[in-house]
Structures are given as structure tokens and as C-alpha cells.
Amino acid sequence: MFSCKTSPEVGGMGHSVKRKEDARFLHGKGNYTDDVKLPGMLSMVMVRSPYAYAKIKSINKEKALAIDGVLAVITGEDLAQYNLHWMPTLLSDSQMVLPTDTIMHQSQEVCAVVATDRYIAVDGAEAVEVEYEPMQAIVDPFKSLDEDAPLLRPDKEGQKDNHIYHWERGDREKTDAAIANADVVVKERIHLPRIHVASIETCGVVASYDKDTQKMLIYLTSQAPHAIRTILALVAGHVGLSEEKIRIIAPDIGGGFGGKVPVYPGYVIAIAASFLIGKPVKWIEDRSENLVNGFARDYHMDCELAATKDGKIQAFKVSTLADHGYTDSSANPSKYPTGMFSICTGSYDYDNAFAELDAVYTNKAPGGVAYRCSFRVTEAVHAIERMVDKLAAEIGKDPALLRLENFIKKDQFPYASPLGWSYDSGDYEATLRKAMDMLGYDDYKKEQAKKRAEGKLMGIGLCTFTEVVGAGPSKDFDILGIAMFDSAEIRVHPTGKALARFGTKSQGQGHETTYAQILAEELGIPYTDIEIDEGDTDTAPYGLGTYASRSTPTAGAAAAIAARKLRDKGKKIAAHLLEVSEEDIEWEVGKYFVKGAPEKSKTIQDVAFAAYTNFPPGMEPGFEATHYYDPPNLTFPNGAYICVVEVDEETGAIDVKRFVAIDDCGNIINPMIVEGQVHGGLTQGIAPAMYEGIEYDDEGNVLNGTLMDYLVPTAVESPHWETGHTITPSPHHPLGAKGVAESPTVGAPPAIANAIIDALYPLGIKHLDIPITPAKVWEAIQEAKAKA
Amino acid sequence: MIPAKFDYHKATSVKEAIALSQELGEEAKYMSGGHSLLPMMKLRFATPEHIIDISKIGGLSYIKEEGNLLKIGAMTTQTDLEHSDLLISSYPIFGDAVWLTADPSVRNFGTIGGNIAHGDAANDQPAVMLALRATIVAEGADGEKSIPIDEFFHGFYMTALEPGDILTEIQIPKAKKNSGGAYYKMERKVGDYATAGVAVHIELDDAGVCQEIGIGLTNVSAVPMRLDRGEEVLRGQKVTDELIEQVGQIASEDCEPESDLRGSEAYKRSIVNTITKRMINKALERARN
Amino acid sequence: MTINGESVSAEVDSRLLLVHFIRENLDLTGTHIGCDTSSCGACTILIDGKSVKSCTYLTVRADGANITTIEGIAADGTNHPLQQAFHDQHGLHCGFCTPGMIMRSIDMLKTNPNPTEEEIRWGISGNLCRCTGYNNIVKSVQQAAKEMANPKEETV
């Protein structure tokens with residue numbers, strides 16, 4: 001177990017100190033992008049396409065421009081004059097900023113209206129007249145590769161069909177052979193539907209170009225301001241936007257969850273508008289614009305899991321069709337077009353695995369954002385965890401027992417997974433047993449048997465996942481070539497107080513508190529004496545940003561190492577002050593003392609003061625350190641989740657009775673914050689499991705593009721979560737910590753799906769895709785009864 | 001999302017509102033709580049040229065029993081309904097329905113009159129009104145009129161209210177001894193419009209024979225719907241499980257739902273059956289206590 | 001109208017939504033916009049003590065009303081019991097829904113000073129939070145309810 005090294009006042013690791021950032025939010029003084037107000041600021045509103053696939057025959061700006069206060073209507077043709085009408089995606093595909101001729105998805109930006117205020121801009125957008133020639137959209141990704149399917153991207157050189165790429169990993173032959181020779185093989189096609197992060201704050205930008213200084217100041221809802229700055233410089237360098245002239249400030253962010261990593265067309269248009277007009281331009285998405293753009297998931301996975309008759313897993317194979325919409329704008333590292341999907345072999349020890357994926361174009365919005373998930377881990381975990389439960393049901397074995405018998409054992413770490421990962425640490429059995437104890441698993445099994453005998457539908461579902469977070473080692477991980485390190489810069493002032501800056505950006509995770517705690521742990525300076533600053537590219541050190549649970553694994557590690565550099569320097573200063581040699585100085589949190597004479601000591605504050613006033617001759621003055629941390633490996637948090645449900649056979653209504661989540665994210669910086677992250681992730685897990693999914697009709701129209709129909713759970717749908725943890729420190733992370741925030745989003749959906757399907761199993765129902773709604777349950781029951 | 005431009009007029013009396021409406025013509029709309037109309041204006045599904053604000057008209061917010069009637073002022077908010085001691089003790093069907101309508105902040109300003117006058121079969125109060133056999137009182141240029149609820153709903157967003165009419169009061173037969181009502185809807189999440197909803201009000205005599213019954217259905221037809229055939233089965237009968245079963249079956253046959261995001265037609269027919277049976281039983285239980 | 005105790009008068013366009021008046025004209029940006037369809041509750045304020053979604057209210061209709069926003073529930077440098085409780089119980093992450101959530105809870109506790117967990121969950125059901133999973137918001141409201149029922153005596 002972890003024990004705290006510091007007092008609660010110092011507030012190092014392991015203390016549930018209250019958050020330092022709370023006050024401004026509680027008093028309504030947060031500063032979000034839409035709160036930014038600059039002199040002379042203009043407002044921009046989009047005209048969006050009602051069709052999913054159409055030719056633009058004409059755009060008539062006249063009536064809009066006639067409205068008093070409308071200053072400009074910006075079209076693709078206008079941007080084409082500056083070659084700004086297309087932009088590259090993170091995976092080197094291309095995306096329209098504004099179209100010049102073809103609409104590729106419903107609600108795509110057609111043109112933008114800039115006016116003196118929001119109301120006039122909306123009137124202007126209503127007044128723009130666009131003539132379309134609609135075409136039959138491709139909505140079903142399985143029809144996208146049909147021979148008679150229209151070629152969606154003739155603009156791409158060499159593109160002969162709607163196939164984007166094929167990817168594979170593992171040994172196909174060995175895996176096929178193992179499956180062919182196995183006692184038991186279970187198969188399923190599993191779909192993880194399109195969903196949206198639906199952060200309560202939508203995306204937005206305020207761009208302000210100063211023609212005199214040629215500086216472009218951009219307030220942006222961005223999880224990765226530095227990377228965006230570089231991308232903008234690459235995209236718009238040819239019109240004079242040079243990287244040193246671009247300053248991006250990511251102010252307070254109202255939830256990110258991966259949705260605020262990409263560059264959206266609206267950002268680029270607002271920046272272009274400010275550049276051309278020379279005034280600040282604000283663009284804030286409304287909710288419908290937000291929901292129909294920038295999706296996550298949408299993998300169709302054909303899975304096969306092979307085992308011996310007593311349930312020893314032997315092989316796993318998964319072939320996936322990925323619907324990317326009209327362009328591949330997945331926010332993945334360059335060498336990982338399918339992200340970390342190859343974590344799909346799960347927490348189990350077997351040799352044979354093969355995963356392949358084909359990605360296709362359709363007439364849907366682009367996205368592929370890593371929604372609270374390290375790049376496709378949610379899909380991977382859902383596949384294996386659903387299949388493990390299916391195997392357990394097939395051979396009539398308790399799914400907990402089946403898992404316990406197949407787990408990678410704790411002495412097998414570091415464990416080389418069949419698809420190439422090196423799992424760093426874990427004690428899967430301990431984690432699952434703790435969850436079972438907390439729930440009272442055996443009692444629920446008995447209750448279930450009793451209820452089943454009475455004809456009632458009760459289900460217990462498990463998920464024991466392995467996560468892979470903290471991208472990542474530079475040898476493998478980059479975004480558009482930029483290695484995925486992250487950074488920390490610490491300045492300790494003469495009075496012993498400190499300012500630390502990071503390349504990451506909090507969106508609610510509590511960095512202002514947890515980073516201060518890491519520094520408190522390493523330096524002994526109370527966390528309340530340390531200011532944390534992120535998000536301003538003019539002041540913060542370069543970093544790749546916050547997503548994929550990478551802040552603690554990368555920037556958190558950078559903070560620890562930068563602090564240790566300071567400690568080393570401090571040791572020299574302490575030796576100088578105490579008039580002993582450096583070798584005679586020892587460190588305990590917050591102070592240096594002379595070996596064997598602990599009464600002779602200097603605090604870190606004394607040393608900081610001396611660094612500016614009384615440093616050893618020849619030493620560089622000051623007390624500052626910077627570190628760019630390139631992790632040697634990813635971290636592999638794990639968890640065991642168990643869900644208990646009851647289902648009303650007549651209406652299909654699902655009642656989640658209990659949900660227990662035990663997470664192992666290594667050493668914990670702030671237990672209160674970690675627990676809060678887990679709660680939030682669990683609610684974002686029940687969301688796709690039971691409520692959310694972007695629905696399209698055959699014409700490619702989004703059917704649920706408002707929060708009236710896109711069903712974000714309220715406090716009523718969200719169960720009372722029960723959480724706990726085990727601790728298996730990461731052996732390679734300087735603090736022994738791992739990422740955590742995405743684990744619950746990844747782990748909850750299969751636990752819930754497994755529970756509901758377990759409840760329905762006596763009726764002969766063996767699989768349902770999420771979201772599992774009462775209506776879907778009812779239909780499945782009717783179908784099962786008709787068969788029986 | 002921002003409404004199109006309109007002119008705003010405030011009325012402080014029913015007479016003034018009606019006069020304004022006559023003067024401004026068909027492009028004028030009344031706004032009471034505004035929680036049905038304003039969202040439609042923001043989506044620009046509705047673009048009235050004039051809004052006549054009737055929320056400041058005094059004297060239209062009350063819940064009282066008078067003679068043989070329960071009278072509810074049209075401007076009574078859903079929150080007022082929720083917290084009315086009279087409704088809690090004698091008309092629990094209101095509590096059932098209000099609890100499931102939108103959310104507490106919307107209920108603070110959304111009025112019962114607006115919920116009915118909107119003429120939307122997805123709203124919850126219309127079915128309750130059908131079950132309770134309400135009479136709608138309205139005032140117009142030609143004076144006051146009383147409209148039985150069965151003549152009130154004409155079509156999708158269409159009611160018996162003439163342009164310029166203001167719904168002023170809802171009258172409901174006073175709760176009798178041995179009577180009870182209940183409402184439930186399946187919703188995809190709390191605050192959603194009904195996938196299907198059923199309101200039941202039943203009156204028994206001392207021998208437990210059903211003297212009167214009202215069954216209203218929510219969001220399974222274009223117009224709020226009374227389950228006439230189902231009511232006939234129970235009226236004058238001792239209510240048995242077999243009869244309830246029959247009524248549930250009739251409900252599933254007679255409703256006219258369409259497949260949509262909330263579920264297939266077959267699903268909706270099935271849950272109407274289930275909810276009808278459950279609400280009859282719940283109403284019976286309340287009538288017997 | 002009166003807003004946070006101060007009298008305000010302005011001539012506004014009839015279609016101006018109250019949330020925009022509060023944010024743009026009065027620069028009180030603690031009231032947020034999250035959905036446009038009165039689904040999310042980020043714009044919740046109090047009108048004459050009752051919670052309302054200010055995105056679904058015309059400014060002109062607030063003529064003469066007494067309005068309270070998050071900026072007006074506690075004196076500078078102090079916390080309303082709900083603000084304190086959200087801090088103590090980690091009832092906020094990104095903070096975007098928090099003002100609306102607190103304004104809604106003030107109204108809820110006024111009509112129901114001692115709510116059960118179930119009643120709290122239904123009572124805030126018109127306010128979406130995407131970060132916290134609601135557990136700690138429920139705990140925050142419970143703490144505030146307790147505190148407001150038995151306020152600690154002011155220490156002098």
C-alpha cells in the first residue's frame with residue numbers, strides 16, 4: 001500500500017487536498033472561450049448543409065450582405081484564393097475548410113457569415129441562399145465498397161474506391177489454425193456506435209489578428225494548444241502566419257474528452273476572417289453543430305474467440321470495418337491509424353492473436369476523436385470483454401472464474417502481449433477479487449438463481465480490462481511527426497514559492513492541484529505555494545496536450561524529474577550554506593540536513609532564497625528547472641467492474657441495481673480527484689451502453705442532433721457508483737503512477753452490456769449491440785420468443 | 001439558436017390581450033410560460049411577428065374546489081401543481097404526471113394552460129385531462145366559452161381555440177369518494193417526451209363497481225387520444241384482472257403510434273398495453289383507499 | 001429589473017434571450033450556454049427565487065423581475081453553503097455546469113430543505129454534468145442541506 005510522505009499541509013502525493021482551481025468556477029469567474037470579449041469583436045455563424053451529399057450549384061450572398069451589420073459572407077471560393085479551402089487531418093488525409101463544389105455530409109459548413117453581433121450573424125445565415133443538387137448518400141459503410149458505389153473522394157490522387165487503408169497486426173496463420181483446432185469457438189459481430197463527447201461547453205474560438213504586429217492571438221477550446229499552433233503554422237504559413245506570430249491561449253475548458261483535440265473548420269475560418277478583416281472574430285458552436293460533427297467509435301468488429309472445452313483461451317481474432325465519414329480525421333498517433341486497438345487481447349494469457357481493420361469513406365461527418373480513450377481502446381476492450389462473457393455462457397462457466405483462470409499472473413509482468421505490447425504491471429486477480437468482495441458476488445449469484453427460478457430477469461456482468469495510456473515513447477508515437485513527449489518548467493522564487501508551467505491543458509481534471517501536489521512531494525514546498533499555469537503557447541513549454549490519460553504519465557513525470565533536477569542543485573547550495581561537502585548532505589521532504597547531524601539543516605525555502613542571494617561561487621544563479629519527458633513505455637492501468645441489473649420483461653426497462661468499480665492506476669496523487677474522475681468516466685460509460693448513439697436515416701440525415709434526442713444521462717440515469725482501488729505501481733514511471741481518467745469510460749460499457757445480456761440469457765438472447773435501450777431489449781425478447 | 005425578430009406586447013388583462021390579438025391579427029401569438037413556444041421560435045419552426053405576453057395577467061393562477069368542480073387557473077405552473085396540498089391529497093394523478101414532465105426549472109415557468117393549449121399529443125397534461133373529463137374554459141372576442149375536453153383537440157398542434165382565444169381555466173369534476181387516478185409514461189430518459197403514456201381515472205361505487213372511467217393516451221397518436229373502447233369495457237362492471245387484460249389489449253390495438261427514435265410501432269403498442277394495465281391497477285388501488 | 005441586488009434598466013431588442021442579456025450586456029459570464037434547447041441547465045438562474053433556464057426566457061419579460069445569478073449568491077470572498085459544499089465534496093470538475101447546478105440546488109433546497117438522494121437526483125435532472133458522474137454533486141447538495149438547516153454560528 002501507498003503511504004504519504006508529506007503532511008496534509010504540504011499536500012504531496014496521496015492526500016485528498018481540496019482543489020485549488022475551484023474558487024473561480026464556484027463564483028462564476030471561470031474564463032471560458034465564450035467569455036472572452038475583445039474590443040470591436042465580430043461574431044461568426046455558419047450556414048450548414050441540409051443534405052449529406054450534394055453539389056453546390058450556387059451561393060447567393062446578396063440578401064445576407066444587405067442586412068445592416070453583416071460584414072462578410074465567406075465561401076470556399078473565397079478561401080481558395082488563399083489556398084485555405086482544404087486542410088490536412090492528423091492522419092494525413094484532407095478535410096475541407098469550406099467547400100467549393102461538393103457537400104460531403106449533412107451539416108457540413110457551406111459558408112460563414114461575419115457580423116457585428118451574434119443575432120445579426122444568425123439573421124445573415126438565414127438569408128444566404130444556397131442552391132444544391134442532392135445526390136444519393138452512402139450511409140452504410142458495408143455498401144461503401146460495393147462496385148457501383150460512387151467514388152466519394154475523386155479529389156484524392158490515385159483513389160479508385162472508398163477504401164482508405166488496411167491495417168493488421170499479429171499472426172494470421174497461427175491464429176486461424178488455433179481457431180480451427182479449438183474445442184470451442186464463439187463468434188460475434190459487435191458494433192460500437194457513433195457517439196459524441198458532448199462536453200457541456202461546445203467548441204469555439206476567438207481569433208484576433210493585429211495587422212501592425214502581425215500577431216495572431218487565438219483563444220481556443222483546445223486540449224493541445226501547442227500542437228495546434230504548429231499545425232496552423234504549417235497550414236497557413238504561406239499566407240504569412242508564422243509560428244512565432246501565433247499565440248494560442250486555451251482558457252478554461254468546459255470539458256474536453258478528446259473532442260477538443262482536432263482542428264475544426266470553424267477555427268480556421270474564424271482565423272482567416274480575422275486575418276482578412278483585421279478585427280477579432282468569435283465563433284462558438286451551437287449544440288446541434290457540436291453534436292453532428294466530430295464523432296467517436298463507429299467500429300464494426302467481427303470477433304472470434306477460441307478456447308479449450310474447460311475455458312482456457314487459446315486465440316482471438318478480430319476483423320473490423322471502420323466508418324470514418326468523408327475523411328480520416330482520427331486523432332491518432334501517425335504510426336497508429338487504429339490507435340491502440342491491438343490492446344484487444346485483453347488481460348488474458350494466450351499466444352495467438354490477429355487483428356485487422358479496413359477503413360472506409362461514407363457521407364458522414366469526419367471525427368474519430370479519441371473520446372476519453374487512448375485511441376480505440378474502448379472498441380478493443382468491448383470486443384474482448386464481450387467475447388469472454390460469451391465464451392463463459394457458451395461453456396456454462398462462471399464468467400468470474402473463467403477470467404481468474406485466464407488472467408496474466410502478477411509474476412508474468414512485464415508481459416509481452418501477442419500483439420506486441422509490453423504490459424508494465426498489474427495484479428489482475430487481486431483487483432477482481434476486491435470487486436467481487438465489495439459487491440458480494442457469491443450472494444448475487446445465489447439471488448440470481450432464485451430470481452431465474454421465479455422467471456425474473458436479473459443479470460450480472462463483468463469487465464476486467466487492461467488499459468494502455470500515456471502516449472508515448474518517441475520511438476513509436478508522434479502526431480504529424482512531433483514526438484509525444486510532454487514538459488514541465490518550474491520556477492522557484494526567492495521567497496520559496498513557485499510557478500510551474502506545463503505543455504498539457506486541464507479541462508476539469510484538476511491539474512492546478514495535482515501538479516502542485518507532485519511538486520510538493522518532490523520539493524516539500526506546500527502545494528498551496530505553487531501556482532500552475534498551462535495553455536498559453538507564449539509562456540508554457542512545448543507539449544502535446546491533455547488527452548488519452550497522458551498528463552500524469554508524461555507531464556506528471558516531467559514535473560517529478562524537473563523537481564529532482566532542482567533538488568540536485570539545491571543540494572549543492574545547502575552544502576555551501578551548511579559548510580559541508582555535498583556528499584554529507586541528505587534530503588528528506590522539504591529539507592537538506594547534514595548526515596549524522598539532523599539539527600544542522602536548511603529548508604527548501606532557505607535554499608531557494610540562497611539560489612538568488614548566496615549561491616556557491618561559479619554556480620549559475622536562480623532556482624529553475626525544465627524537463628521534457630520522453631516515456632520509456634506506456635502505462636497499463638487495469639480494473640475490474642461488476643454490474644447488476646434487473647430487466648422488466650414486459651417493457652424492456654433496465655434497472656441498474658449496483659455497479660462496483662475497482663481501478664488500479666498505480667500510485668495515486670490525489671485520491672479524491674481520482675475517485676471523481678472514475679465517477680465521471682463511469683457515467684460516460686453508461687451513456688453509450690444504454691442511451692447515446694448518433695442515428696442516421698438512409699439519406700444521411702442525423703436524427704438526433706440536439707440534447708433533446710441525444711440522450712446524455714442525468715443524475716437520474718446515472719447510478720450511485722461504488723468505487724475502490726488496488727495499487728500496483730508502474731515500474732517505469734518516476735512516481736509509480738499510471739493514467740486513470742479513461743479507464744471507467746472504457747470499462748463500464750462491456751460490464752453493463754454483459755449484465756443486460758446475462759439477464760436475457762435464459763430467453764435465448766446471446767448478444768446485443770450498445771446502446772441497449774428498453775426498446776431494443778423488447779424487440780430482442782419478441783424475436784427470441786418467436787424463435788422458441 | 002436565436003428567434004427571428006418580432007414585436008413584443010404585454011397584456012395585463014385578458015380583455016387587453018384579446019383586444020391586442022384582434023388588432024394584430026393572425027401573426028400574433030400568446031406567450032404564457034413560453035416553454036413550448038420559445039424553443040420553437042429559436043429553432044425558427046415558429047416565426048410569429050407579434051408576441052403578446054400574457055404571463056403578467058393576474059388572477060389566473062389558482063387551484064381550488066368550488067361546488068362540484070376542481071378549478072385550475074390556466075397560468076398555474078407545473079410547480080404549483082406539484083406542491084398543491086389539495087392535488088397531493090385528492091388528485092394524485094397530477095403528481096404522477098408533473099413529476100415526469102420536463103424538469104423542475106421548466107416546471108417553474110411552464111403552465112398547465114400552455115401545456116394543454118399547445119395541442120401537442122406528446123405533452124402529458126392532455127391525457128390527464130381526458131382521463132379526468134375536464135372542461136376547458138376560454139375567453140375570446142365573442143365572450144367566454146366552455147369546451148369539453150373531447151372537443152378540444154383537433155389535430156397536430158390544433159385545438160378548438162380560435163385565434164385570439166385565451167385558455168383561462170380548467171374545470172374538472174370534483175373527486176368523488178372511491179375514485180382514483182394514476183399516470184405513467186415510459187421515457188427514454190427523465191424529462192423526455194413519452195415513448196408512450198397512459199392516464200387513468202376511475203370511480204367505483206361502494207360495491208366496487210366501476211361507475212366512471214377515463215383513459216387518456218400520450219404520444220401514441222397525432223391527437224391526444226381517449227381510449228373509448230377500453231372505457232366501455234369497464235364502465236358498469238366489477239373490475240377484474242380479465243377485464244383489465246382486455247382493456248390493455250384494446251389500448252394496444254386502438255392507439256396509433258408511429259415508429260421513431262423512441263421505438264417501433266409494435267413496441268409502443270406493447271408498452272401501451274402494459275402501462276394501461278398497470279395504471280388501471282394503480283388507480284384502483286387509490287380508489288379503494 | 002433587479003439583478004443580484006442592483007437595479008438595472010436597459011432598452012433591449014424584443015427577441016434578446018435573457019442569457020445573452022446577462023452575459024453580453026451585463027458581463028456576468030458565470031451563467032453559461034450549453035445547449036439552446038433547455039436541456040442542459042448550464043444557464044440556470046433565479047427569477048424571483050425560482051430556477052429558470054435563461055436561454056428559454058425573453059429579456060423583455062423580466063421587466064421588473066428580481067434576478068439572481070451565480071455572481072450574486074454570496075458576498076465577495078465568501079461562499080454560499082452550496083459553493084462551500086461543492087468545493088468540499090469535489091462536486092465540480094470543469095466547472096461549466098456548476099453555476100447552473102448551484103442555482104438549481106438553491107431553489108430545490110428552498111422547497112425541500114431535507115431531500116433524499118433520490119429527490120436530489122430528480123431535483124437536478126434538468127441540469128447535465130458530463131464530468132462528475134453526479135455522485136459528488138449529490139453529496140455536495142446533502143452537505144449544503146445539512147449546513148443550511150443548522151447554520152454554524154458566525155464567529156466574531
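Helix 15 of chain A, residues 604–613, lies across strand 27 and strand 28 of chain A. Its direction runs at about 50° to strand 28 of chain A. Everything described here belongs to a predicted model, which scores ipTM 0.97 and pTM 0.98.

**The sheet under helix 15**

Let us look at the sheet itself. It is an open sheet of 3 strands in chain A, in the order 26-27-28, and the pairing is antiparallel. Strand 26 (585–588) and strand 28 (597–603) of chain A stand at the edges; each has a single partner strand, so one side of each is left without a neighbour in the sheet. From one strand to the next, the twist averages 35°.

If you would like to trace the pairing in the structure, begin with strand 26 of chain A. Strand 26 of chain A and strand 27 (residues 591–594) of chain A pair in the antiparallel sense over 4 bridges. A handy landmark is A:Ile585, whose bridge partner in strand 27 of chain A is A:Val594.

Which strands does helix 14 of chain A touch as it packs on the sheet? Helix 14 (residues 551–578) of chain A touches strand 26, strand 27 and strand 28 of chain A, and its direction makes about 125° with that of strand 26 of chain A.

**The seven-stranded sheet of chain A**

Chain A also has an open sheet of 7 strands, in the order 3-7-1-14-11-12-13, with mixed pairing. Its edge strands are strand 3 (70–75) and strand 13 (246–249) of chain A, each of which pairs on one side only. Neighbouring strands of this sheet are turned by 20° against each other on average, direction ignored.

Within this sheet, strand 1 (residues 42–48) and strand 7 (residues 109–115) of chain A run antiparallel and are joined by 6 bridges. Here you can look for A:Val47, which stands opposite A:Cys111 in strand 7 of chain A.

Two helices of chain A lie across strands of this sheet. Helix 4 (residues 118–127) of chain A crosses strand 1, strand 3 and strand 7 of chain A, running at about 25° to strand 1 of chain A. Helix 7 (residues 265–277) of chain A lies across strand 1, strand 3, strand 7, strand 11 (204–210), strand 12 (215–220) and strand 14 (281–284) of chain A. The direction of helix 7 of chain A runs at about 25° to strand 11 of chain A.

The helix angles are gathered here for quick reference.

| Helix of chain A | Reference strand of chain A | Angle |
|---|---|---|
| Helix 15 (604–613) | Strand 28 | about 50° |
| Helix 14 (551–578) | Strand 26 | about 125° |
| Helix 4 (118–127) | Strand 1 | about 25° |
| Helix 7 (265–277) | Strand 11 | about 25° |

**Chain C and its two domains**

Now to chain C. Its mean pLDDT is 96, and 97% of its residues reach 70 or more. Chain C contains 5 helices and 5 strands, and from the N terminus on its elements run β-β-α-β-β-β-α-α-α-α. The C-alpha trace of chain C spans about 45 × 40 × 25 Å along its principal axes. With 156 residues, a compact globule would have a radius of gyration near 15 Å, and chain C, at 15 Å, agrees with this.

The domain assignment divides chain C into domain 1 (2–72) and domain 2 (81–149). The contact between them takes 14 residues from domain 1 of chain C and 13 residues from domain 2 of chain C. On the domain 1 side, strand 3 (44–47) and strand 4 (50–53) of chain C each supply at least two residues. Strand 3 of chain C gives the largest share of that side, 3 residues. By class, the domain 1 side divides into 6 nonpolar, 7 polar and 1 charged. The C-alpha centres of the two domains of chain C lie 20 Å apart.

**How chains C and B meet chain A**

How many residues of chain C are in contact with chain A? There are 41 residues of chain C in contact with 41 residues of chain A. The elements that give two or more residues to the chain C side are helix 2 (81–88), helix 3 (98–111), helix 4 (117–123) and helix 5 (135–149) of chain C. That side divides into 18 nonpolar, 18 polar and 5 charged residues.

Chain B touches chain A too, in a contact that takes 14 residues from chain B and 21 residues from chain A. Helix 11 (residues 265–288) of chain B gives the most to the chain B side, with 4 residues. The chain B side has 7 nonpolar, 4 polar and 3 charged residues.

Key
Residues are numbered from 1 along each chain as its sequence is written. Chains are lettered from A and ligands numbered from 1 in the order in which they are written. This is a predicted model: local features need pLDDT of at least 70, side-chain atom pairs count only at pLDDT 80 or more; totals for chains, interfaces and linings use all residues. Domain bounds come from an automatic or database domain assignment. Two residues are in contact if their C-beta atoms, placed from the backbone, lie within 7 Å. Ala, Val, Leu, Ile, Met, Phe, Trp, Tyr, Cys and Pro count as nonpolar, Asp, Glu, Lys and Arg as charged, and the others, Gly among them, as polar. Two strands pair if DSSP finds at least two bridges between them. Axes are lines fitted to C-alpha atoms, for helices over the stretch in contact, and angles run from 0 to 180 degrees between N-to-C directions. pLDDT is the predictor's confidence in each residue, from 0 to 100. The radius of gyration is taken over C-alpha atoms; the globule rule is 2.2 Å times the number of residues to the power 0.38.
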